[in-house]
Amino acid sequence: RLGADVVLVSSSSLPDPPGVKVVPVETAAEMAAATWAEAGHADAVILAAAVADFRPAQPHDRKLRRVDGIPEVVFEPTPNILEGVAAMDPRPLLVGFAAQTGALDDAIRKATTYGVDLLVANDVSAAGSGFGTDTNQVTVFSPDGSSAEWPILPKTEVADRLLGLIVERLRDRALPV
């Protein structure tokens with residue numbers, strides 16, 4: 001709606017949003033590769049996906065049978081997509097998300113560690129916030145540790161406010177908006 005060329009890297013089976021280039025992926029590794037490829041051409045990257053931090057190290061191609069006993073499942077980390085974009089040079093304006101349960105301490109660490117331009121955090125266990133609601137209450141962190149707590153708002157208004165901040169930051173960088 002703001003006139004941007006938008007690329008959505010997604011594993012969703014929902015219909016493609018009109019006017020958006022969609023890059024379909026199935027795994028966290030595919031999402032990382034596609035995001036890093038697209039980020040190299042972007043002015044801003046918004047990483048809102050809740051990608052699993054770990055995956056089974058040895059997936060099975062057949063059913064695990066009860067008679068064989070309880071299997072040992074060993075995990076390995078998935079690629080850190082945020083870290084990969086943050087390391088790019090030049091780096092696009094970077095917006096990360098942190099879905100938390102309870103205190104937002106880890107979000108503060110994430111904002112300062114990765115040097116994101118904005119980090120949007122919310123307590124997904126709070127009423128009216130997070131998954132399964134049309135509203136959200138977020139706190140927006142900057143890399144210097146400063147933050148702004150927003151009231152519970154419709155998710156569309158959270159998106160509009162966030163896009164306003166992104167446009168401001170892009171103007172500060174003297175990039176085209």
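## A tour from strand 7 to the surface

Start by selecting Asn122, which lies in strand 7, a strand spanning residues 118-123. Keep in mind that this model is predicted.

Is Asn122 buried or exposed? Asn122 counts as buried because its relative accessibility is 9%, and the cut-off for buried is under 20%.

Now show side chains. Add Asn136 to your selection. The side chains of Asn122 and Asn136 are joined by a polar contact of 3.0 Å.

Next, look at what else surrounds Asn122. Set aside neighbours within four places in sequence. Asn122 then touches Ala98, Ala99, Gln100 and Leu104. Its contacts also include Ser129, Gly130, Gln137 and Val138, along with Asn136.

Widen the selection to the whole of strand 7. How many of its 6 residues are buried? The count is 5, so strand 7 is mostly covered.

Bring in strand 6, residues 93-100. In which sense do strand 6 and strand 7 pair? They run parallel, with 6 bridges between them. For one bridge, select Phe97 and then Val120: Val120, in strand 7, is the bridge partner of Phe97.

Now move to another stop. Select Ile46, in strand 3, which covers residues 44-47. Ile46 has a relative accessible area of 40%. That value makes Ile46 partly exposed, because it falls between the 20% limit for buried and the 50% limit for exposed.

Finish by adding Leu2 and Leu163 to Ile46. Together, these three residues make a nonpolar surface patch of about 270 Å². Switch on the surface display to view this patch.

Methods:
Residues are numbered from 1 along each chain as its sequence is written. This is a predicted model: local features need pLDDT of at least 70, side-chain atom pairs count only at pLDDT 80 or more; totals for chains, interfaces and linings use all residues. Side-chain values use heavy atoms; hydrogens and water are left out. Patches are made of residues with over 30% relative accessible area and no salt bridge: like charges are joined within 9 Å, nonpolar side chains (Val, Leu, Ile, Met, Phe, Trp, Tyr) within 5 Å. Accessible areas come from the Shrake-Rupley method with a 1.4 Å probe; for residues, only the protein chains shown count as cover. A salt bridge is a side-chain nitrogen of Lys or Arg within 4 Å of a carboxyl oxygen of Asp or Glu. Helices (H or I, at least four residues) and strands (E, at least two) are DSSP runs, numbered from the N terminus. Buried means under 20% relative accessible area, exposed over 50%, partly exposed in between (1.4 Å probe, protein chains only). A polar contact is a pair of N or O atoms within 3.5 Å; within protein, one must be able to donate a hydrogen and the other to accept it, and residues adjacent in sequence count only if both atoms are side-chain atoms. Contact means heavy atoms within 4.5 Å. Two strands pair if DSSP finds at least two bridges between them.
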